[in-house]
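Here is a short, informal look around one structure. Have a scroll through the picture first, then read on.

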Amino acid sequence: MNAQIIGQMAVSGALMGLVYALIAYGFQLTFATSKSINFGQGELVMISAFFSLTLTNLGFPYWAMVPGGLLFGALMGLVVERAGVRLALEQKSEGWILLSIIIGLFFFSAAENIWGRDDRPFPTPISADPIHILGVDVTRLELSVAVGVFAIMGLIELFKRRTLLGKAFEAVSADRDAAELMGISSTRTVMLSYGLSGSVAALAGILVSPITTVGPTMASALILKAFSVAVVAGLDSGFGVVLVGMFLGALESLASFYLGSGWREAPGLILLILALALRPNGVFGKATIRKV
Amino acid sequence: MLQVEDLHAGYGASEVLTGTTLTVKQGTLVALIGANGAGKTTTMRAISGGIKPSRGKVILDGQEVQGLDASRIASLGLAHSPEGRKVFGPLSVEDNLLLGAYSRLPRFFGYHAQAKPDLDRVYDLFPRLRDRARQSAGTLSGGEQQMLAIGRALMARPKVMLLDEPSMGLAPVIVQEVFRTIRRLKEEGITLLLVEQFAKSALEVADYAYVMERGRIAVEGTPAELGRNERVLAAYLG
Amino acid sequence: MKRILLLRGAELIVFAFLATIPLLVVNPYALGLLTLLAIYGILLIGLDVTVGYLGQVNLAHVAFLGLGAYAAGLVVTKLGMGMVPALLAAALVGLVLGGLLALPALRLEGPQFALATLSFAALSTTALNELEALTGGAQGLSLSRPPILGHTLTPPLFYWLCMVLLALVWMLMRNLLASQWGRAFEALRDSPIATDAMGVGTYKHKVAAFALGSSLGGLAGGLYAFNFQYLQPQSFTYDLMIILLLGVVLGGRKSLWGAFVGATVIVLLPNLLSNRLLFQIFSGLGFAGALAAGVQGLMKKSTRPFQALAPVVAMGLLVVGGLFVENTEDWRKAIFALMLFSVVVGLPEGIMGFLALFLAKLFRVPHAPLPEPADLDTMLPIRPADGSALLVLADLKRYFGGVKAVDGLSMTVRAGTIHGLIGPNGSGKSTVVNVISGLYTPTAGTMQLRGVTLPIGSLYSVAQAGVARTFQNLQLFGELTALENVLVALKGVYRNPLPMVLLGLARREERTAQAQALALLELIGLREQALVKAKDLTYGAQRFLEIARALARKPDLLILDEPAAGLAHPDVLQQIEFIQRIHQRGITIILIEHHMDVVSELCDTVTVLDGGRIIAEGTPDEVKRHPKVVEAYLGQPPQPELPGGAEPLPA
């Protein structure tokens, strides 16, 4: 076993890890504004990928398909917010956990029946030929994942820092009630966050599909790892999810190499339970102060 | 400018406000005093929409606003500087101020230029905030945060400003500074409703005052009148 | 008594009926369904412990079903042992692994907890799949039903075994839930902070409850293994978990009957989906029900429009879909989703919750009579007020970031006194109390109670050490009655070990406990309202009840955090009288108060705080005259006159 293979495995694993990071980032967006996350986010990734595949099959070019897919993801995110989250948040109950799972299940079943149960290839203009960088082989496809992930996270962070609406978003995250007093509607901000989160999920689907193929179960493994990343990194650090995502991707790529491919999921799950035991607020998270 | 009629509100099953009625005339400073738990802060929250009143009216500049969302009431011209200041800790001082004017600024770009005159006005009022414009609000001292909270409310160019316990948790020297600021706001003609635990200081700056007991107004009058009221003297000024 | 008879009667009838079925009907298919009903009944009772009683979304229960099933299967196939050890092993696996998962996971709340359990479930599926040498991996594991005491278990015999176990689990759970444990579960959902502060131990109870529920999952798994005699990892996946949640929520949370109803639904569901006509009838009924409930809700304005309309839309989709879709099996997940959605949104209390409300109106059965109150002098003997130093704080500090909430506070509270703590809002009074009572860890400084260092940073340990407190913002257990609120906190009565409780042999101490709790309620004038839910009491009564609950700890030191806040004047007078009564029993009290008159009336010593430091200390009269106190309360050096030229203020 030489360093080169290990390096190669780690790099391609880390690039895949960026997809987990991207989905986890979607959790952070909604958690910031509403302290809730969509437990059916994996199904959003999946149906958005299917929708984008349909767009491609209808003859839309790649550059038109991507925004179309993102828009669809945003719409579905809004559906989750309206049908699953808003009522529970108004009642201050945790019913949203169950409801978002249920809506995900519905999406899953719909996708199964509309698009079929089989895995299908996802055509892309980006080539899968490897290029040699710093001693390891990376495909353009894998690089496109990195570019896409950093581009959308960068854009959203820019939006949050540079526009007034983005600052309002941050204000709601910091103090919902005080933001309301400034005339910022927290309901609309939560909607915005679910829309953005849906788009992020859609992009994750579009980026990962050419590598993994599209099918109803394509996101079931992805989403578990995204959950792990979100919890391990904490639900409030964008920088943290990227780091933890890449680390986890590399780790599991090595685990499947040494222990067998069935154990691929194990590092993420073990990392998660360890993190919960040692640092419940996440490695990059902030501790909360209890009030009475 | 602001009228509250027979307001009932509470949390869950327990009703804290049991029929509060008060009026704030344009350009005046009205103080609301009373013991802890008498319902002062609840009154403020019921006016600004933080909790929904179960009965009664809130009339802002001739328009009934009870039952509307807090964000809607704010955009109609009511600024509420809440108890405990509640500045947006992770955001910079300047961003906090800009968000104060949220309802009348463009959402994406060009908001800074449009808010410039108001920013300058607040910075002139509180020069220390100008020095710390880029600093995150959470790192300010308690007194500075209070200045920021007041400045943020001012940014909205409000018709009425609610100030809830601006002196809470501040050292006496700073409290005096806060009261000097309130006096200046009053001189600028801002309509103010002030909740304050330092009853005496509040009465010194107020044009009119209400004393709350058990969720309703027990006594009202000019500070001079209240100063002659035996009960008020014993309960709140002793 | 009548109510108990009614409930027990219903249970007896149902179980007797279920037991006789195999004698009357010999349809093997129906018997199979009934066996499954018993297994799912046990499984859902276990799930209800976390989902219902702890109020947490638990996605790991299906994993315990699977782990229990494999444990039983392996005990039989690899170790060659019989059915009894196999079932015990299944339950044990659930108990141990449940406890191990709960230890870290139950430090979390809400979404993080759900995520942790979800991950555990995924991890267990991975393990079952990958440990091929043991489990046979995806190939599955075949086993046969070993005989019990030489008897081969025919389907009716196995059915009876399952039913007996269900009845047993039912009985044990009923006893447990009616005991101090069940009350603790209820309490910790309403206010975990108060549960800890009453010395009950939120975390301990949560972990125990989760482990218990998981062991029932394991037991059900064992029966599952012997029922199907073939196990595959993919039988225990997320899909089944969702169906189980559907069962608990639809049946009705926090109810044994609810679990039973839920199990019935789960068992019948596959048949419902395979028969088109049945499905259409069922969805039509569902739609009509949702419509009726929705319209009624909208008319009464008791529900939000969304809550009334969403189930109608969901059920409508089911009806319309049923007309167009060729094979309902294909859409089974969507159908589950729509049903579950309608129930969670429109009928959050479930079928039994709804029925219970309805039945309660029909049968108004009085509560069993309460015992006479205990003698206060024996349960709360008067302590000597010797004036020795009870609580000593030395240079106590607590900073929040840069804010020095408490900044070097040294204070001695003497036994048998009422020690007042006053100061303006934000002066640090509440923080001091929160540090003493263990909610916050001090940044620096020491605290000693009777010369022994007080535990820090744990409400529970401090409560155990003999300190009880009330809360400025009430932290009552709203869903419990006034009596139960006091019972939860009651110290020194409940001594019987868990097995006795489970077998229902702890009735006598329950009577003693009730008598003591009533005595405390009488002390604060709430004896008549003992059976009223705390959330339905008047605000004043709630404040009084908090004090009675704290007294149930029989504390050395009682901390009252603004007990008169928000009280009307007559209630304030009452409150003063109650506090004096408590004081007469020799209990040391720290009183945080804003009302100067309350403080003057009650306190022996007063400490005045400002900006986290002591600015004055002495008798009430001394501190009232202290210039710094006057300044702190008035914000400015006293001026001779008010603007209106009134008399000088009495300082």
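## A greasy spot on chain A

Let's begin at the surface. α10(A) gives the most to a nonpolar patch, with three residues. Keep in mind that this is a predicted model.

Who else is in the patch? Its members are Ile5(A), Ile6(A), Phe257(A), Tyr258(A) and Leu259(A), which together have about 460 Å² of accessible area. The elements that give two or more residues to it are α1 (3–34) and α10 (238–259) of chain A.

## A closer look at Phe257(A)

Phe257(A) sits in helix α10 of chain A. Is this residue of the patch buried, exposed or partly exposed? With a relative accessible area of 39%, Phe257(A) counts as partly exposed, because that class lies between the buried limit of 20% and the exposed limit of 50%.

## Over to chain C

Now for another chain. Chain C has 27 helices and 12 strands, and its C-alpha trace spans about 95 × 60 × 55 Å along the principal axes. Of its 651 residues, 55% count as buried.

How do the parts of chain C touch one another? Take the contacts with a separation of 6 or more: residues 24 or more positions apart account for 75% of them.

## Surface and charge of chain C

On the outside, chain C exposes about 26600 Å², and carbon and sulfur atoms supply 63% of that area.

As for charge, chain C has 47 positive and 43 negative charges. The mean positions of these two sets are 7 Å apart.

Key: Residues are numbered from 1 along each chain as its sequence is written. Chains are lettered from A and ligands numbered from 1 in the order in which they are written. This is a predicted model: local features need pLDDT of at least 70, side-chain atom pairs count only at pLDDT 80 or more; totals for chains, interfaces and linings use all residues. Side-chain values use heavy atoms; hydrogens and water are left out. Helices (H or I, at least four residues) and strands (E, at least two) are DSSP runs, numbered from the N terminus. Buried means under 20% relative accessible area, exposed over 50%, partly exposed in between (1.4 Å probe, protein chains only). Contact means heavy atoms within 4.5 Å. Accessible areas come from the Shrake-Rupley method with a 1.4 Å probe; for residues, only the protein chains shown count as cover. Lys and Arg count as positive and Asp and Glu as negative; His and the chain ends are not counted. The place of a charge is taken as NZ of Lys, CZ of Arg, CG of Asp or CD of Glu. Patches are made of residues with over 30% relative accessible area and no salt bridge: like charges are joined within 9 Å, nonpolar side chains (Val, Leu, Ile, Met, Phe, Trp, Tyr) within 5 Å. A salt bridge is a side-chain nitrogen of Lys or Arg within 4 Å of a carboxyl oxygen of Asp or Glu.
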